[in-house]
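Here is a walk through a few spots worth a look in the viewer. Keep the sequence and the coordinates open side by side as you read.

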Amino acid sequence: MQEFLEFTLGGIAVGMIYAAIALSLVLIWRGTRVLNYSQGGMAMFTTYVAWVVIRDTGSYWAGFAVALAAGLVLGALLEVTVVRPTMGKGPLNSVIVTIGLLILLEGVAGIIYGGQYRSFPPSFSIKGLKVGSVALGISASDLFTAAAVLAAALALFLVFEYTSVGLRLRATAFAPGVTRLLGVRIGRVLTLGWALAGLFGALAGVLVTPSTFLYPNSMDSIFVLGFTAAVIGGLDSPVGGVIGGVLLGVVLSYAGGYLGSNLVLVYGLAALALVLMIRPSGLFSSTASRRV
Amino acid sequence: MTLARHVGAALVVAVILVLVSIQLSSYRDYQMAEVAAYVVAVAGLTVLIGLSGQISIGNGAFMAIGGYASALVLIHLGWPLEAVFAVGAVVAALAGAVFGVAAARLRGPYLAGATLMLAVALPTIANQFPKQFGGDQGLSVSISTPAFLGATFPPTRWLAWVTCAAALIALILLANLGRSRVGRSWRAVRDDEVAAALAGLNVARLQILAFVVSAACAGLGGALLAVVTGIVAPGAYTLTLSIALLTAAVLGGLGTLPGALWGSLVLVLVPTYLTNVGASHGLSSAASSSVPIAAYGVILIIVMLAFPAGIQGGLRRFFGPATATPLTALFRRTPVSEHQEEGPS
Amino acid sequence: MAEAAALAIEDVHAGYGGVPVLNGVSISARPGTITAVLGANGAGKTTLLRTISGLVRPRQGRILVDGANLARRHPEDIARAGVAHVPEGQGVITELTVEENLRLGALCRRGGSVRSAALSDAYQRFPLLAERKRRHAGLLSGGERQILVIARALMAAPRVLLLDEPSLGLAPRMVAQVMDLVRTLRDEVGLTVLLVEQNARSALAIADCGMVLNLGTVVAADDAAVLASDVALRRHYLGF
């Protein structure tokens with residue numbers, strides 16, 4: 001029972017990181033039908049920015065804030081400069097362009113910061129929390145991780161549902177052609193979508209890096225798991241992204257805890273295969289029926 | 001007819017390759033063998049994506065399967081080389097069939113996600129069974145140069161010959177398959193699944209077959225790469241490898257076998273070249289090892305923007321009739337008639 | 001033609017890829033009139049509307065709205081210049097609610113009070129939409145959707161309304177309602193309407209003027225009554 005509690009809470013905490021990556025992928029996929037393979041690379045890069053700021057100012061929160069801002073800027077910048085010219089040239093071209101961006105970002109990070117592993121500070125203490133004598137399996141830092149991602153996701157939901165910016169984002173995602181005819185400048189909307197995705201990726205980066213160290217490929221496996229979470233949840237569904245992330249986190253936590261850590265990814269693959277065999281477009285997809 | 005023509009062309013190429021390899025340094029011969037191994041894997045992927053219209057970011061996993069299968073056969077059974085390569089291809093093909101069946105209903109990014117997870121998950125199995133698979137250290141694979149070539153014959157040249165021969169055979173088979181009824185059916189499925197199904201094609205079976213073919217090629221490529229590098233280990237089959245295969249296929253020009261060659265050449269030659277350039281311009285070794293990575297990223301982006309149909313497409317644009325497969329034909333979303341969506345009135 | 005035209009198209013050539021569809025089309029529509037654009041399938045009617053709203057770039061020619069040339073501008077800018085295009089197949093965003101669809105129509109206007117005034121105007125004019133405002137647009141019937149897209153187009157307070165086959169797929173009773181609505185909009189709001197219709201008889205019944213396209217050129221343009229009484233024209237091009 002004690003173990004079960006630890007694995008569950010620990011899994012949820014890690015799952016929130018996957019959820020943040022999944023949300024960033026969903027944001028871009030909905031707007032542009034592009035899967036952004038550079039999301040992990042962007043998050044790695046903004047985490048390096050945070051690392052520099054923390055080293056130079058000594059303030060974790062300054063680094064945290066700068067990373068989020070850098071994520072916004074980087075997302076918008078990449079959309080305008082590199083991604084937009086590939087639109088309309090075929091889906092595989094944009095796949096390769098975002099992979100090219102990933103490789104470029106990792107290369108540039110290697111050139112600027114070197115390839116060595118650097119430690120990155122956590123937000124709060126990483127000492128395990130206890131209620132009475134019962135260890136919870138999570139730390140204050142984990143709690144902050146979960147709270148930060150949840151708060152960001154909630155804020156995103158409120159923006160989507162209740163603001164005119166959110167209406168623009170949703171309309172552009174569902175029907176870009178019609179939305180354009182109504183005078184909405186969808187180019188700006190798409191840029192905003194990428195900027196928000198950059199923000200969520202940056203959040204995931206600063207939150208996860210204390211447990212992975214920082215190096216040019218440090219976000220690769222996190223990206224794969226975030227992508228998996230998005231696929232499980234359904235790429236069109238922000239709610240699906242969050243639930244997919246938590247689900248994957250918990251499944252991997254149980255698998256690692258009860259079955260041994262060597263094959264964690266294989267169990268993850270099995271979970272993904274199971275979901276996709278039942279629902280080929282993810283748990284929360286609404287578009288499956290349209291594809292014939 | 002086409003088979004005879006392809007075999008004839010391959011024989012000419014084989015003679016040229018032998019003549020070239022004799023001129024090259026042993027390091028260049030080694031690179032030639034590497035290119036041959038990659039060409040097979042990339043060609044299989046280009047058939048999958050370019051002809052059947054499915055994506056895989058996980059063909060590195062099938063290379064791992066082929067590599068381990070052939071290494072085990074070589075080490076424990078000592079079979080002759082051609083049988084070892086065949087085993088690598090066949091075992092990977094079986095794995096491809098299993099995966100293909102499981103993934104037959106997946107499309108676009110969902111298929112991409114599943115294959116990506118396969119690529120990162122599969123190599124970790126080697127760690128779980130260290131006795132059989134050698135754990136992190138992997139298994140070492142070595143082949144000997146046949147006695148009749150003499151004791152002074154450079155081993156890397158023999159490697160180049162062996163791998164190029166295997167690659168040529170694989171390419172002949174793929175070229176024929178592409179022009180056969182199966183190839184035409186794949187194109188039909190790629191261009192419009194619904195229309196293909198209405199025309200009586202078994203879409204699911206064709207898509208699974210494409211996965212089998214591409215996995216077999218990846219398996220053979222993995223087997224070749226295993227004997228070239230002399231080792232199979234989890235660290236050799238990273239996500240980076242799978243992504244490299246995909247980028248090489250698209251960069252070279254999707255759906256074309258020459259494109260697979262261009263892509264593989266870029267993959268093998270450009271990084272070493274750029275590392276040398278970086279080092280000679282006084283960059284530290286850590287930084288200069290990152291230069292080719294960054295440069296490869298830039299190359300990918302620029303080629304995709306300037307030549308959407310890849311290197312082969314670009315070559316055709318300049319030198320030949322414009323017959324390159326338009327990339328836009330891939331993954332075309334089935335148009336839904338607007339009238340169907342209308343509610344009752 | 002003493003009055004300046006609200007919408008004037010001068011010698012427009014346009015097409016898709018290398019295939020020409022419009023070969024020198026010219027129209028002039030006075031403010032507050034309905035112009036019926038008629039012709040067989042493939043005559044270029046839809047392409048004409050798509051060219052005016054910027055979805056297709058004209059190779060040549062001018063498109064003047066209140067005297068300003070909008071040819072080759074982006075669709076967003078043309079919409080903001082007062083041209084509302086209601087495409088064929090309706091284009092309600094089914095995933096959004098009725099109210100969200102309407103609000104979307106006013107997003108190109110500045111000022112929250114302007115937008116909310118537009119919304120309450122729309123509900124006043126279309127009580128049916130007010131009743132269903134929280135409902136997803138995908139749940140509306142075909143006729144209700146047609147009303148919704150026209151109402152959404154009005155949210156931007158356009159000068160010119162481009163309507164592509166509004167009667168398509170609607171029951172005859174609904175067709176009459178939509179046509180009545182178009183006439184009301186001309187009379188009460190003073191909209192200039194370009195109405196593309198297969199159903200030439202009902203279009204000419206409400207239109208002031210009409211033009212007939214064939215293979216991308218204008219073969220006839222006159223008062224609606226004149227066109228409707230031209231037996232040869234009706235037999236050749238209009239099918240009634």
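## Salt bridges in chain C

Let's start with a pair of side chains: Arg132(C) and Glu131(C) meet in a salt bridge, at 3.4 Å from N to O. This is a predicted model, so take what follows as read from predicted coordinates. The two partners sit on opposite sides of the accessibility cut-offs. Arg132(C) counts as buried at 18% relative accessibility, because the limit for that label is under 20%. Glu131(C) comes out at 63% and is exposed, since that label asks for over 50%.

Next up is a pair joining two strands. Arg62(C) and Glu10(C) have their side chains in a salt bridge of 3.1 Å, again N to O. Arg62(C) belongs to strand E4 (residues 60–65) of chain C and Glu10(C) to strand E1 (residues 7–16) of chain C, so this salt bridge ties together parts that are 52 residues apart in sequence. As for exposure, Arg62(C) is partly exposed with a relative accessible area of 40%, and Glu10(C) is partly exposed with 31%.

## Around Arg183(C)

Where does Arg183(C) lie? You'll find Arg183(C) in helix H7 (residues 172–189) of chain C. The side chain of Arg183(C) meets that of Asp180(C) in a salt bridge, 3.0 Å from N to O. Because these residues are three apart in helix H7 of chain C, about one helical turn separates Arg183(C) from Asp180(C). Both ends get the middle label: Arg183(C) counts as partly exposed at 31% relative accessibility, and Asp180(C) counts as partly exposed at 40%.

Setting aside neighbours within four places in sequence, Arg183(C) is in contact with Ile34(C), Ala205(C) and Ile206(C). For a sense of spacing, the C-alpha atoms of Arg183(C) and Ser202(C) are separated by 12 Å, with the two residues 19 apart along the chain.

## The whole-structure tally

How many salt bridges does a search of the whole structure find? Over all chains, the search gives 19 salt bridges. Try the same with disulfides and the search of the whole structure finds zero over all chains. Two cysteines of chain C to look at in passing are Cys108(C), buried with a relative accessible area of 14%, and Cys209(C), buried with a relative accessible area of 16%.

## His85(C) and its neighbours

His85(C) has its place in strand E6 (residues 83–86) of chain C. Is His85(C) buried or exposed? With a relative accessible area of 8%, His85(C) is buried.

The side chain of His85(C) makes a polar contact of 2.7 Å with the side chain of Ser53(C). Not counting residues up to four places away in sequence, the residues that His85(C) touches include Leu49(C), Arg50(C), Leu55(C) and Leu162(C). Leu181(A), from another chain, is also one of the residues touched by His85(C).

## Where chain B meets chain A

Now over to the interface. The contact takes 49 residues from chain B and 52 residues from chain A. Between them, chain B and chain A bury about 4,300 Å², with 77% of that on carbon and sulfur atoms. Helix H5 (108–121), helix H6 (125–128), helix H12 (239–252) and helix H14 (285–306) of chain B each supply at least two residues of the side of chain B that touches chain A. H14(B) gives the most to that side, with twelve residues. By residue type, the side of chain B that touches chain A divides into 36 nonpolar, nine polar and four charged.

What about specific polar pairings? Across the interface of chain B and chain A, the rule finds zero salt bridges. There are, however, five residue pairs in polar contact between chain B and chain A, counting pairs with both residues at pLDDT 80 or more.

## A stop at Thr156(B)

One last residue, this time within chain B. Thr156(B) sits in helix H8 (residues 155–179) of chain B. What is Thr156(B) in contact with, leaving aside its neighbours within four places in sequence? The partners are Ser26(B), Asp29(B) and Tyr30(B). Thr156(B) is buried, with a relative accessible area of 17%.

Definitions and conventions. Residues numbered from 1 in each chain as written. Chains lettered and ligands numbered in written order. Predicted model: local features only at pLDDT ≥ 70, side-chain atom pairs only at ≥ 80, totals over all residues. Heavy atoms only, no water. Contact = heavy atoms within 4.5 Å. Buried area = accessible area lost by both parts, 1.4 Å probe. Salt bridge = Lys/Arg side-chain N within 4 Å of Asp/Glu carboxyl O. Polar contact = N/O pair within 3.5 Å; in protein donor to acceptor, adjacent residues only side chain to side chain. Helix = DSSP H or I, 4+ residues; strand = E, 2+ residues; numbered from the N terminus. Nonpolar A, V, L, I, M, F, W, Y, C, P; charged D, E, K, R; others polar. Buried < 20%, exposed > 50% of the residue type's maximum accessible area, 1.4 Å probe, protein only. Disulfide = S-S within 2.5 Å.
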